[in-house]
Amino acid sequence: MNQKVTVSKLPAITLYFWIMKICATTLGETAGDLFSMTLNIGYATSSIILIGLFLISLVSQLWSKKYNPLLYWTVILSTSTAGTTMSDFMDRTLGLGYAKGSFMLLSILIAILAFWRFRIGSLSVNNVKTFKVELLYWTAILVSNTLGTALGDFLADSSGLGFAGGALLISALLGLVIIANFYTPISQVLLFWIAFVLTRPLGATVGDFLTKTHEKGGLGFGTIGSSLVLATILVFFILLTMRKKSVAQS
């Protein structure tokens, strides 16, 4: 496998990127719940299946020679669905609870990013141009999406905020990150990773808000209906960005 690539295999960090990231992570929550609960496969079995799908898509991404929007967002989606079931398995089946599970995952993520920073010298996604760095990138994303599920469940269930309240809190935090990006000297690389982590619990709380019944504080759309709508929106934006890229190159 080549250690160096000549072009970036990652998308540009634009407004479209963040829209698709939130959509993919929300879809990851609803699709993960679809596997584990609606289809009654269970957290452990669902995790094995979805981690397998993640590994298949990841190998395809690592072997690719250039940025492929459909492949990239497939890997993002697979980390979100696998992260959902892994988090639920840790927090519910193993009985760790949302708070302890979130703390453990946060510690693991910080360790991965610290190792990345120490070995490579920069956490900027603009420097993801070798196999080693790309592998670190995807490892960090898998852990961050698993963390986001646990944190989203903690805010929605344990904190008393509910699904809508948790989503509003995370949206407010993301708003502060946006303000800091434009009006403070805080590192944009640091702000990127904060926003990247926060969009996952936003997707988790929004996903639960869409799927849970009215009695549980949700809209009651169910996992199947919500997943179909979110998948349609994600595919639309993928095709839109592919078309824009094609027009720009012509």
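Helices are DSSP runs of H or I with at least four residues, and they are numbered from the N terminus. In these terms, K9 belongs to the segment that precedes α1. The model described here is predicted. This report begins with K9, then turns to the nonpolar cores, to two residues of α3, to a loop position and to the pockets.

**K9, ahead of α1**

Is K9 buried or exposed? Because its relative accessibility is 3%, under the 20% limit, K9 counts as buried. A polar atom of the K9 side chain lies 3.1 Å from the backbone oxygen of L62. The side chain of K9 also has a polar atom 3.1 Å from the backbone oxygen of S64. Beyond its neighbours within four places in sequence, K9 is in contact with Q61, L62, S64, K65, K66, Y67, Y72 and E134. Two of these partners, Q61 and L62, are also touched by W138.

**The nonpolar cores**

The largest nonpolar core holds 46 residues. Those touching the most other members are Y72, W73, I76, W116, Y137, W138 and W193. Contributions of at least two residues to this core come from each of α1, α2 (43-63), α3 (69-93), α4 (98-120), α5 (131-158), α7 and α8. Which helix gives the most to this core? That helix is α5, with 10 residues.

W138 can be followed in detail. Residues up to four places away in sequence aside, W138 touches L58, Q61, L62, Y72, V75 and I76. Of these, Y72 and I76 are also listed among the core members that touch the most others. A separate core of 10 residues lies apart from the largest one, and its members include A167, L174, V177 and L198.

**V75 and T79 in α3**

V75 is a residue of helix α3. Because V75 has 0% relative accessibility, it counts as buried. With neighbours within four places in sequence left aside, V75 is in contact with F54, S57, L58, Q61 and W138. L53 stands 22 residues from V75 in sequence, and the C-alpha atoms of the two are 8.8 Å apart.

T79 also lies in helix α3. T79 counts as buried because its relative accessibility is 0%. What does the side chain of T79 approach through polar atoms? One polar atom of this side chain is 2.6 Å from the backbone oxygen of I76. The side chains of T79 and N145 are joined by a polar contact of 2.7 Å. Residues up to four places away in sequence not counted, T79 touches F54, I141, L142 and N145. F54 thus appears among the contacts of V75 and among those of T79.

**N40 in a loop**

N40 is placed in the loop between α1 and α2. Because its relative accessibility is 65%, over the 50% limit, N40 counts as exposed. A12 is 28 residues from N40 along the chain, and 38 Å separate their C-alpha atoms.

**The two pockets**

The table sets out the volume and the lining of each pocket.

| Pocket | Volume | Lining residues | Classes in the lining |
|---|---|---|---|
| Largest | about 520 Å³ | 21 residues | 15 nonpolar, six polar, no charged |
| Second largest | about 300 Å³ | 14 residues | nine nonpolar, three polar, two charged |

In the largest pocket, the lining residues nearest the centre are I13, W18, N181, F192 and A195. At least two lining residues of the largest pocket are supplied by each of α1 (15-38), α6 (162-183) and α7 (188-211). Which helix provides the largest share of this lining? It is α7, with seven residues.

For the second largest pocket, P11, A12, T14, Y67 and T241 are the lining residues closest to the centre. α1 and α8 (222-249) each give at least two residues to the lining of the second largest pocket. The most comes from α8, with four residues. Two of the residues closest to the centre of the second largest pocket recur elsewhere in this account: Y67 is a contact of K9, and A12 is the residue whose C-alpha atom lies 38 Å from that of N40.

Key. Residues numbered from 1 in each chain as written. Predicted model: local features only at pLDDT ≥ 70, side-chain atom pairs only at ≥ 80, totals over all residues. Heavy atoms only, no water. 1 Å grid on protein atoms, 1.4 Å probe; cavity = no way out; pocket = protein on both sides within 12 Å on 5 of 7 lines; lining within 4 Å. Points joined across faces, edges and corners; volume = space filled by probe spheres on them. Nonpolar A, V, L, I, M, F, W, Y, C, P; charged D, E, K, R; others polar. Core = buried A, V, L, I, M, F, W, Y, C linked by side-chain atoms within 4.5 Å. Buried < 20%, exposed > 50% of the residue type's maximum accessible area, 1.4 Å probe, protein only. Contact = heavy atoms within 4.5 Å. Polar contact = N/O pair within 3.5 Å; in protein donor to acceptor, adjacent residues only side chain to side chain.
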